[in-house]
Amino acid sequence: MADRGRAPSQVLIASPTEERRNRWRRALEGVFDVEEAGDLAVLDRTLTALKPAILLLDLALPRLGGIDGLPAVKRLSPTTKTMVFTGHPHEKEGISALRAGAMGYCETDLDPVLLKKAVALVQKGEVWVRRNFIPCLIEELASLTDFRQKGASAKWVSRLDRLTPREREIVSMIGKGQTNKEIAARLRVKEKTVKAHLTTVFRKLGLTGRVRLALFINEREQDPIASVETHERGEMGSRRPIRLKPN
Amino acid sequence: MPPLTVVIADAERTTRAACRRGLLSEKRIRVVREARNAMETIAAADLKPRILLLSLTALGGHGVSLLPIIRGKSPSTRVLLLTGRASEARILDALSHGAQGYLPRKILPDMLVRAVLAVDAGEAWVPRKMVGKIIERLARLTGRARGRA
């Protein structure tokens with residue numbers, strides 16, 4: 001970012017409440033060059049004219065339409081970093097705001113010292129949210145990721161058909177993290193028998209290594225023994241095996 | 001008050017020892033298992049520890065892949081990653097798969113108790129700088145899910 005000497009960054013405060021505008025101004029004056037807008041029309045004009053570095057946007061601004069008004073604001077001045085303020089913060093709205101490009105999601109009565117810190121951080125390019133909001137973001141990320149991955153495992157179902165019942169038993173136990181020794185003891189066979197089975201299993205499934213096998217099994221979220229039995233039961237009365245199409 | 005159970009999963013003995021040292025100061029915390037590799041970590045999930053300290057790279061590179069397994073076996077376990085040279089993308093992957101935070105190994109044993117207690121209390125242990133990256137990835141994922149840019 002080009003440094004134009006010591007000129008303080010411009011912050012535009014947009015709130016319908018004069019008391020709030022004054023409070024925010026007092027918190028930031030001296031460090032930032034503060035402008036104000038009391039309604040949407042003034043906000044739009046000032047944004048277009050000044051293109052301030054930062055916008056403090058009170059969601060209560062009439063005719064803004066809350067979060068839905070963010071894209072329009074962004075269009076008027078794409079370089080302006082917008083921090084959204086609300087009297088009633090809640091997770092879904094916060095996530096929507098951040099996804100819509102807001103650089104901050106805060107309470108309107110944020111402590112002035114914290115406000116100054118938050119604005120400074122946003123100016124540096126960081127995102128400001130309350131500390132206990134971060135787990136929500138991570139949860140949201142995790143749930144979206146889960147959703148996208150569920151589709152991928154279906155293609156593996158047919159591969160288990162190739163295994164004998166004994167092989168499936170062993171595979172199920174590997175999925176639980178058991179060692180060859182433990183498996184041998186449970187099945188009452190020699191350890192080298194388990195190893196021989198495993199070699200065959202790796203070949204049949206096209207996998208190398210027990211860790212990959214364990215991951216494969218667990219990714220499918222099903223017990224390999226039960227799932228194939230269900231599959232086979234579905235084939236009763238039909239001659240051709242049913243193959244699930246890979247995604 | 002019930003003990004705060006912890007499993008330490010890292011191939012490096014020195015790291016596991018540093019974790020133990022770091023956790024000594026908090027009486028509530030009880031290390032119930034040390035796992036030295038991926039398979040042992042999977043098995044340790046059956047103990048359903050409250051916290052799993054999981055090496056992202058020092059488990060044969062399987063760190064991230066283990067997360068869905070652990071989540072499936074013990075949904076109440078909260079994962080705190082131990083990172084070394086892991087890239088930001090790798091860390092983001094891990095967070096996307098259910099880790100609740102991360103701690104660079106070189107900081108051990110300091111901060112470990114604070115991080116463990118915070119994660120136990122439901123907080124995420126990530127530096128603020130990571131928040132922007134999380135949002136970026138969220139935006140990308142949503143874009144694809146909706147089918148438009």
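**Exercise 1.** State how α3(B) and α4(B) pack: at what angle, and how far apart are their axes?

Solution. In this predicted model, the axes of α3(B) and α4(B) lie 9 Å apart and the packing angle is about 5°. Axes are lines fitted to C-alpha atoms, for helices over the stretch in contact, and angles run from 0 to 180 degrees between N-to-C directions. Helices are DSSP runs (H or I, at least four residues) numbered from the N terminus. Angles under 35 degrees count as roughly parallel, so α3(B) is roughly parallel to α4(B).

Next, list the residues. α3(B) contributes B:G63, B:V64 and B:L67, and α4(B) contributes B:R90, B:D93 and B:A94. Two residues are in contact if their C-beta atoms, placed from the backbone, lie within 7 Å.

**Exercise 2.** Describe the side of chain B that touches chain A.

Solution. Begin with the totals: 31 residues of chain B and 24 residues of chain A take part in the contact. Then find the elements of chain B that give two or more residues: α2 (38–44), α3 (63–73), α4 (88–96) and α6 (128–146). Of these, α6(B) gives the most, with 12 residues.

**Exercise 3.** Which residues outside its close sequence neighbourhood does A:L56 contact?

Solution. Leave aside neighbours within four places in sequence; A:V11, A:I13, A:A14, A:W24, A:M83 and A:F85 remain.

**Conventions.** Residues are numbered from 1 along each chain as its sequence is written, and chains are lettered from A and ligands numbered from 1 in the order in which they are written. Local features need pLDDT of at least 70 and side-chain atom pairs count only at pLDDT 80 or more, while totals for chains, interfaces and linings use all residues.

Definitions and conventions. Angles under 35 degrees count as roughly parallel, over 145 as roughly antiparallel, 65 to 115 as roughly perpendicular and the rest as oblique.
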